[in-house]
Amino acid sequence: TLAGQSISSNQTELIKSQVDSIFLGMVSSAEKLDFEDLNSGVNDTRRAGFISSGKYYASYSTLAEETKSLARGISEQDISFKDKTITVLSDKMALVTASGVSKVYLEDGRELVVNFQWSFLYEKIDNNWKVIHSHQSSAR
């Protein structure tokens, strides 16, 4: 945890469970290409920046628009994890790191397999866990 903060193991496990539930819900939205629901899990008021495939985005809205545009021609995707770790940093901050494989199904029948590495920083804002920063890398 952050310096000067003491969090009980019960509270740590509760935070991990809460953040994991939100994270998996966002993954489900991503699989279904439900961008509205996916975007509702992000709060960009801190302007912490977002990184995706080596490109820096100062605002989430720019990343969201580009992601939606790049998804044209994709019917759905299946995301599976090789590794996933949730680290509680404080009672209001948690880090999720994950790696895995996404199978992308194109409308023309082709399938792509993409390996990914992600990190998401969650903050508890107005009693809800929201992504305030992410770094996503992928390679075919």
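What follows is a short working chat about the predicted model shown above.

Reader: What is the order of helices and strands along the sequence?
Author: In this predicted model, the protein has three helices and six strands, and along the sequence they run in the pattern α-α-β-β-α-β-β-β-β. The radius of gyration is 16 Å, close to the 14 Å that the globule rule gives for 140 residues, so the protein is as compact as a globular protein of that length.

Reader: And what box do the C-alpha atoms fill?
Author: Taken along the principal axes, the C-alpha atoms of the protein fill a box of roughly 55 × 30 × 25 Å.

Reader: How much of the protein is buried?
Author: Of the 140 residues, 39% are buried, while the accessible surface of the protein comes to about 8200 Å², with 48% of that area belonging to carbon and sulfur atoms.

Reader: What share of the contacts joins residues at least 24 apart?
Author: If one takes the contacts between residues at least 6 apart in sequence, 55% of them join residues at least 24 apart.

Reader: Switching to helix H1, what is its reach from first C-alpha to last?
Author: Helix H1 covers residues 9–31, which is 23 residues, and it reaches 32 Å from its first C-alpha to its last, close to the 33 Å expected at 1.5 Å a residue.

Reader: Which residues of H1 are buried, and what covers them?
Author: The buried residues of H1 are Thr12, Ile15, Val19, Asp20, Phe23, Met26, Val27, Ser29 and Ala30. Their cover includes helix H2 (35–39) together with strands E3 (74–90), E4 (93–106), E5 (111–125) and E6 (128–139). As background, an α-helix has 3.6 residues a turn, so residues three or four places apart point the same way.

Reader: What does the backbone do just after H1?
Author: Leu33, which comes just after H1, takes a positive phi of about 60°.

Reader: Where is Arg47, and is it buried or exposed?
Author: Arg47 sits in the loop between H2 and strand E1 (50–52), where its phi is near 55°, a positive value in a residue other than glycine. Its relative accessible area is 53%, and since exposed means over 50%, Arg47 is exposed.

Reader: What about Asp126, where is that one?
Author: Asp126 lies in the loop between E5 and E6, and it has a positive phi of about 50° although it is not a glycine. With a relative accessibility of 72%, Asp126 counts as exposed.

Reader: Last topic, charges: how many positive and negative side chains are there?
Author: The protein has 15 positive and 18 negative side chains, and the centres of these two sets lie 3 Å apart.

Note on methods
Residues numbered from 1 in each chain as written. Predicted model: local features only at pLDDT ≥ 70, side-chain atom pairs only at ≥ 80, totals over all residues. Heavy atoms only, no water. Helix = DSSP H or I, 4+ residues; strand = E, 2+ residues; numbered from the N terminus. Rg over C-alpha atoms; globule rule 2.2 N^0.38 Å. Buried < 20%, exposed > 50% of the residue type's maximum accessible area, 1.4 Å probe, protein only. Contact = heavy atoms within 4.5 Å. Areas by Shrake-Rupley, 256 points an atom, 1.4 Å probe, with all protein chains shown as cover. Lys, Arg positive; Asp, Glu negative; His and termini not counted. Charge placed at Lys NZ, Arg CZ, Asp CG, Glu CD. Expected span 1.5 Å × (residues − 1).
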